[in-house]
Amino acid sequence: MIKKVMDYVKKYGMISAHDMIVAGVSGGADSVCLLFVLLEMKKRIPFTVKVVHVNHGIREDADRDEEFVKEICEKFHLPFYLVRVDIKELAARSGRSEEEEGRWVRYQAFRDVLGDVPGKIAVAHNSNDRAETMLFHLFRGTGLGGALGIRPVNGSIIRPLLGVTREEIEKWLSQRNISYCIDSTNAQDLYTRNKIRHHILPYAEQEICKGAVMNMSRAAEGLLMAEEYLKKETEKAVGRCVRFDEAGGFAVIGLSAFEREDEYLRGRILLSCIEKAAGSRKDIGAAHIQSIEKLFQSSGSKEIHLPYQLTVYKKYDLGIIRKERAGKQDSRQDHDRKGKERDIREAVVPGQVMVPNLGIVEFTVFSAYKSQNIPEKTYTKWFDYDKIASTMVFRARRPGDYLTVKNASGGQCHKLLQDFFVNAKIPRDQRDEIYVLAEGSHIIWIPGHRISEYYKVSENTCNILQVGILSHD
């Protein structure tokens, strides 16, 4: 185990002599293994270890885990940093799911302890975590970067155990008689990842190919090399056809040169421009990229709007991606749109919520069975509840919103909400009055019109979310 991890650490240059390593230790098998492996590595490489434990205040056994990690640190004279938070309350305030909020809090705690000191944040993801993430991203739709799952190194974050399986970790701990805590929620199918962990990967290992997890991990390593190569090629292509105006916050694309680039590289060029102009590209999907390319190939002077207050338009033989500054938009439209975005109604499951222009909306969850007939009512809809991974809200439209529709071949593709409104001939002055049910930028339902194909109930649906507008049906 030690040699295998050290070889992996050396391969990716994770730890150098005299580094400060902030280790996230929950008390579970993976993080306990990480800590003890680091202690073994310290005998060969001189570096410092600090331990951070975050008590999320969700599980009844959380205090037990906290005390367990504290005792290990006292035994080995390691600095111990405890962060106690109420994740449920923080998630309710931020609008993020408890899982998302917990992740954000943990990494913020790690960064706070690391401070301005040059060093690394060590977390305990292993090959199984990587395989689960690969499948999760592939099922939901992803590019090459998402398909490779978890990276060994991401900025200051390192993952020394990414090259070993959960089975290897538990076996090593058992051989050394090292105890660890068992998270009571790990055995439950509360999250999509747990379902992949408990059902899909075990089936793959037992019924399809023994060693499936490690095979996926090796594939991820190859995808990582491909991604790094394409990153370099993208930088070269950007240099050939894009000019950035740092002061103005926009990218100017020479369309003649852009069209000469490979089709796959064109998408990466656009993502690079968006990230440069907006500072992020997290909420940008394939539908946005397709719309930009369609705009660049069209005639006339059209424009489209994306998340992060980005506007994309064409001017002669130039494509321009610009981040709108405060005060640039029409004041009446800016006031109306902001007012709608502030008036967000978060879904209460199960429960009810009052939504402007709709009335009382009721959310119910129940188990699916094959003989159920999906209701055809306009204002009562069923959705695959297990496909909803984060917070749902009713809100007015936003730039970059999209929904999943069927394409000509019977498959699925993304369509910008803006394009849907145009095709549905909904008057421009009525579009901001329509409240949509959304998960992030992905539209689940446009009441009175249609639902997203992605969230539709199928024969594989286990749990159904029923959303009914009581004042209509």
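The expected span of a helix is 1.5 Å times one less than its number of residues. This rule can be applied to the helices of the present structure, which is a predicted model.

## Helix α2

Helix α2 has 13 residues, and the distance from its first C-alpha to its last is 18 Å, close to the 18 Å expected at 1.5 Å a residue. Because 13 of its 13 residues are buried, α2 is largely enclosed by the rest of the structure. One residue found in this helix, which covers residues 29-41, is S31. The relative accessibility of S31 is 4%, and S31 therefore counts as buried, since the limit for a buried residue is under 20%. Not counting residues up to four places away in sequence, S31 touches G24, V25, S26 and A124.

## Helix α12 and its surroundings

Helix α12 comprises residues 263-278. The same rule of length holds here: the 16 residues of α12 should span 22 Å at 1.5 Å a residue, and the end C-alpha atoms are 23 Å apart, which agrees.

Which residues of α12 are buried? They are L265, R266, G267, R268, I269, L270, C273, I274, A277 and A278. A general property of helices is useful when reading such a list. An α-helix has 3.6 residues a turn, so residues three or four places apart point the same way.

Both ends of α12 have a local feature to note. At its start, a side-chain oxygen of D262 comes to within 2.9 Å of the backbone nitrogen of Y264. Just after the helix, G279 adopts a positive phi of about 90°.

The loop between α11 (255-260) and α12 contains E261. With a relative accessible area of 11%, E261 is buried. Its side chain forms a polar contact with the side chain of R240, at 2.9 Å. Leaving aside neighbours within four places in sequence, E261 is in contact with A237, R240, C241, R266 and I269.

## Packing of α12 against α10 and α13

Two helices that pack with α12 are described here. The first is helix α10 (residues 212-241), which meets α12 at an angle of about 75°, with the axes 9 Å apart. That angle makes α10 roughly perpendicular to α12, because angles of 65 to 115 degrees are placed in that class. On the side of α10, the residues involved are E227, L230, K231, E233, T234, A237, V238 and C241, and they meet Y264, L265, R268, I269 and S272 in α12. The residues of this contact divide into seven nonpolar, two polar and four charged.

The second is helix α13 (residues 286-297), whose axis lies 10 Å from that of α12, at an angle of about 105°. Helices α12 and α13 are therefore roughly perpendicular to each other. From α12, the contact involves E263, R266, G267, L270, L271 and I274, and from α13 it involves I289, I292, E293 and F296. Of the residues in the contact of α12 with α13, six are nonpolar, one is polar and three are charged.

Helix α13 also holds S291. Is S291 buried or exposed? S291 is buried, with a relative accessible area of 11%. Not counting residues up to four places away in sequence, S291 touches I304, L416 and D419.

## Separation in sequence and in space

Positions along the chain can be set beside distances in space. S291 and A396 are 105 residues apart in sequence, and their C-alpha atoms are 21 Å apart. I360 and I469 are 109 residues apart along the chain, and 5.9 Å separates their C-alpha atoms. I360 is found in strand β14 (residues 359-367). At 34% relative accessibility, I360 counts as partly exposed.

## Positive phi in two loop residues

H77 and K425 are listed below with their phi angles, loops and relative accessible areas.

| Residue | Phi | Loop | Relative accessible area |
|---|---|---|---|
| H77 | about 55° | between α3 (62-75) and β3 (80-84) | 73% |
| K425 | near 60° | between α15 (417-423) and α16 (428-431) | 71% |

The phi of H77 is positive although H77 is not a glycine. K425 likewise has a positive value in a residue other than glycine. H77 is exposed at 73%, and K425 is exposed at 71%, because exposed means over 50% relative accessible area.

Note on methods
Residues are numbered from 1 along each chain as its sequence is written. This is a predicted model: local features need pLDDT of at least 70, side-chain atom pairs count only at pLDDT 80 or more; totals for chains, interfaces and linings use all residues. Side-chain values use heavy atoms; hydrogens and water are left out. Axes are lines fitted to C-alpha atoms, for helices over the stretch in contact, and angles run from 0 to 180 degrees between N-to-C directions. Helices (H or I, at least four residues) and strands (E, at least two) are DSSP runs, numbered from the N terminus. Angles under 35 degrees count as roughly parallel, over 145 as roughly antiparallel, 65 to 115 as roughly perpendicular and the rest as oblique. Contact means heavy atoms within 4.5 Å. Ala, Val, Leu, Ile, Met, Phe, Trp, Tyr, Cys and Pro count as nonpolar, Asp, Glu, Lys and Arg as charged, and the others, Gly among them, as polar. Buried means under 20% relative accessible area, exposed over 50%, partly exposed in between (1.4 Å probe, protein chains only). A polar contact is a pair of N or O atoms within 3.5 Å; within protein, one must be able to donate a hydrogen and the other to accept it, and residues adjacent in sequence count only if both atoms are side-chain atoms.
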